[in-house]
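Reader: Please take one helical segment of this model and examine it closely, together with its surroundings. I would then like to see how that part sits within the chain as a whole.

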Amino acid sequence: MNHTQHLCSSLLTNCRSLKNLKQVHAYVCKTGLDTDPIIAGKLLLHSAVSVPDALDYARRLFLHFPNPDVFMHNTLIRGLAESDTPQNSLITFVEMRRRLTAPLDSFSFAFLLKAAASYRSLESGIQLHCQAIVHGLDTHLFVGTTLVSMYSECGFVAFAKKVFEEMFEPNVVAWNAVVTACFRCGDVKGADMMFNRMPFRNLTSWNVMLAGYTKAGELELARKLFLEMPVKDDVSWSTMIVGFAHNGFFYEAFGFFRELQQVGMRPNEVSLTGALSACADAGAIEFGKILHGFIEKSGFLWMVSVNNALLDTYSKCGNVGMARLVFERMPEKRSIVSWTSMIAGLAMHGYGEEAIQLFHEMEESGIRPDGIAFISILYACSHAGLIEKGYEYFYKMKDIYNIEPAIEHYGCMVDLYGRAGQLDKAYEFIIHMPVLPTAIIWRTLLGACSIHGNVKLAERVKERLSELDPNNSGDHVLLSNIYAVAGKWKDVAAVRRSMTDQRMNKTPGWSMIEVDKIMYSFVAGEVQNSITEEAYEKLKEIMLKLRVEGCYIPEVGSVLHDIEDEEKEDSVSRHSEKLAVAFGIARLCKGSIIRIVKNLRVCRDCHTVMKLISKVYGLEIVVRDRSRFHSFKTGSCSCRDYW
């Protein structure tokens, strides 16, 4: 290799962007090395695999090579297999078979099998397996290992195990692959068995088991294995922190986090973003604050991904002010994820106008909005009652940005019309959609019928839903509530009997609250223990005070009519969010904001109670339900009773 070749090779090695890649390519052409197979191959490899957003450039490069060899074909196949359109790698493979007489190698099949695994195409995987057998490559270690992964990704663990058992002297990578296959298909015992059979293990083997146990919720098995590990790396610690946090065990997760620092190791980007994500999902703001403090002290704030996770955590934990502060202080150029997360955060809290203003700022900054950004802005318009604005953005997405609406965008429009009470318009919109409406679309309209008490339309919508998902208990419950509000008690009873006959169970409502970095969960009608007893005792005291000082009258209109009024009042008083707020008042320090996360939409009675508590007790209560945030202060809610 001469000096010019060395220079070109060095330039390619240090190339990090498409712009730099084009500059190097121009230099290669100028020096006449574009016909050199080694340099041309390296140029293709970097554009197809190493440089972000350069795959289309790689495809154009490939077309200019007069006689691409097996290496060049494999390079493009690999790049396509790792892209968002992995199925396109098969087209390149077919072209290679047509153009080349040289025998196929193991790399071709390994990359193609990865592609089949990525888009879960069992049919393509089986065809490739057959081709590998024809060419005598199925016993190749590299191909065999990829076959194991492909079958497990497609959900066929029996096939994955069979391929593994037929391998001649599988190495540790193959053993790790079959253990991963067992976990991916939910076979924890099978994974245990394979792990115990391993003739040799590396650190990855132990980490695969840890990840499998935590994802399966087998936390005690994960803890036991973690203690047995001869060596632990940052992946091991991250797995435990994220695994316990995602399963709701924040106190234990923080314990691992603290222990990690005590042994002299540092959390990495994965563990921090993972733990923050778990905090966001559960509304664990205190644990999130601790992580924020660590991030600032340890110098992780320069990472865009960590900032995005921190922003998302504060938004989903009900502190949109802190989320905005994190957004404003981002040291690096904000990504589309940063903008979208902030817009979504404002939308969740009902700040529609502010979300729209931020969307305009994003456009002015040169960031092109994507489909997810438009979902966020449509959601913001829906929850703020901005019908005309929502309509404008929906068509702006198509007409200006050439983004074809997905089913989620159509759902946002149905929600927009439904919340505003324009139910007939929502129904007509669904009927004229260019794509088939899903059960979620119809369910969105059914929910709107519940809000506005439209029984006639609700029955038509329920018929549509029955065709798509006849046994969904949530639809039956919602319809019976609509009947109850309208006083159609015979219809309520008929729906309830139908649910009993079909053995449908209503999804129980639960609410969670964080107290002293421990998450407490309350479920409507659960068996009492010391925690729930404490909550019930405090709730009795609160309800009595609300009746005397807040003139509270229970809203029992949606409760079944065949029980006495006293029982109806008792029924609504047992809702999980009431228990959670009572527990918060009993345990949290005076002046603390009470933050609750629940799985269902907050009912009207609970909404009224939260407003009264905020007024009578002088508290701020933040409730995140299935739909949005409600921030209760001095007797009013941020949703302006529009949710």
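Author: The account below begins with one helix, moves to its surroundings, and then turns to the whole chain.

The model is predicted, with local features requiring pLDDT of at least 70 and side-chain atom pairs counted only at pLDDT 80 or more, while totals for chains, interfaces and linings use all residues. Residues are numbered from 1 along each chain as its sequence is written, and side-chain values use heavy atoms, with hydrogens and water left out.

The part chosen is α9, which covers residues 141–153. Helices here are DSSP runs of H or I with at least four residues, strands are runs of E with at least two, and both are numbered from the N terminus. The expected span of a helix is 1.5 Å times one less than its number of residues. For the 13 residues of α9 that gives 18 Å, and the end C-alpha atoms are 19 Å apart, which agrees.

Much of α9 is covered by other parts of the protein. Val-143, Gly-144, Thr-145, Thr-146, Leu-147, Val-148, Met-150, Tyr-151 and Ser-152 are buried. Buried means under 20% relative accessible area, exposed means over 50%, and partly exposed lies in between (1.4 Å probe, protein chains only). The cover over these buried residues includes α7 (106–118), α8 (122–134), α10 and α11 (172–184). A contact, for this purpose, is a pair of heavy atoms within 4.5 Å.

Just after α9, Gly-155 adopts a positive phi of about 85 degrees. Phe-156 is in the loop that leads from α9 to α10 (157–165). Phe-156 is classed as partly exposed because its relative accessibility is 34%. Together with Ile-126 and Phe-159, Phe-156 forms a nonpolar surface patch with about 230 Å² of accessible area in total. Patches consist of residues with over 30% relative accessible area and no salt bridge, with like charges joined within 9 Å and nonpolar side chains (Val, Leu, Ile, Met, Phe, Trp, Tyr) joined within 5 Å. The areas come from the Shrake-Rupley method with a 1.4 Å probe, and for residues only the protein chains shown count as cover.

A charged pair follows further along the sequence. Lys-162 and Glu-166 form a salt bridge through their side chains, at 3.3 Å from N to O. Such a bridge is a side-chain nitrogen of Lys or Arg within 4 Å of a carboxyl oxygen of Asp or Glu. Both partners, Lys-162 and Glu-166, are exposed. Side chains of opposite charge can pair when their charged atoms come close.

The UniProt record, an unreviewed entry, lists "repeat: PPR" at residues 171–201, 202–232, 233–267 and 335–369. Positions in that record are given in the numbering used here, feature names are shortened, and annotations may be inferred rather than shown by experiment. Residues 171–201 are 74% helix and 0% strand, with 10 Å between the end C-alpha atoms. For residues 335–369, the corresponding values are 74% helix, 0% strand and an end-to-end C-alpha distance of 11 Å.

Helix α14 (residues 219–228) holds two further salt bridges to set beside the pair described above. Glu-220 and Arg-223 meet at 3.5 Å, N to O. These two residues are three apart in α14, which means that about one helical turn separates them. Glu-220 is exposed, with a relative accessible area of 56%, whereas Arg-223, at 27%, is partly exposed. Glu-228 pairs with Lys-224, their closest N and O atoms being 2.8 Å apart. Glu-228 and Lys-224 are four residues apart in α14, about one turn of the helix. Here Glu-228 is partly exposed at 43%, and Lys-224 counts as exposed at 51%. Elsewhere, salt bridges with shared partners join Glu-95, Arg-98 and Arg-99 into one network. The structure holds 22 salt bridges.

At the level of the whole chain, there are 34 helices and six strands. Of the 643 residues, 50% are buried. Among contacts between residues at least 6 apart in sequence, 62% join residues at least 24 apart. The C-alpha atoms fill a box of roughly 90 × 60 × 55 Å along the principal axes. The accessible surface amounts to about 30,900 Å², and carbon and sulfur atoms account for 53% of that surface.
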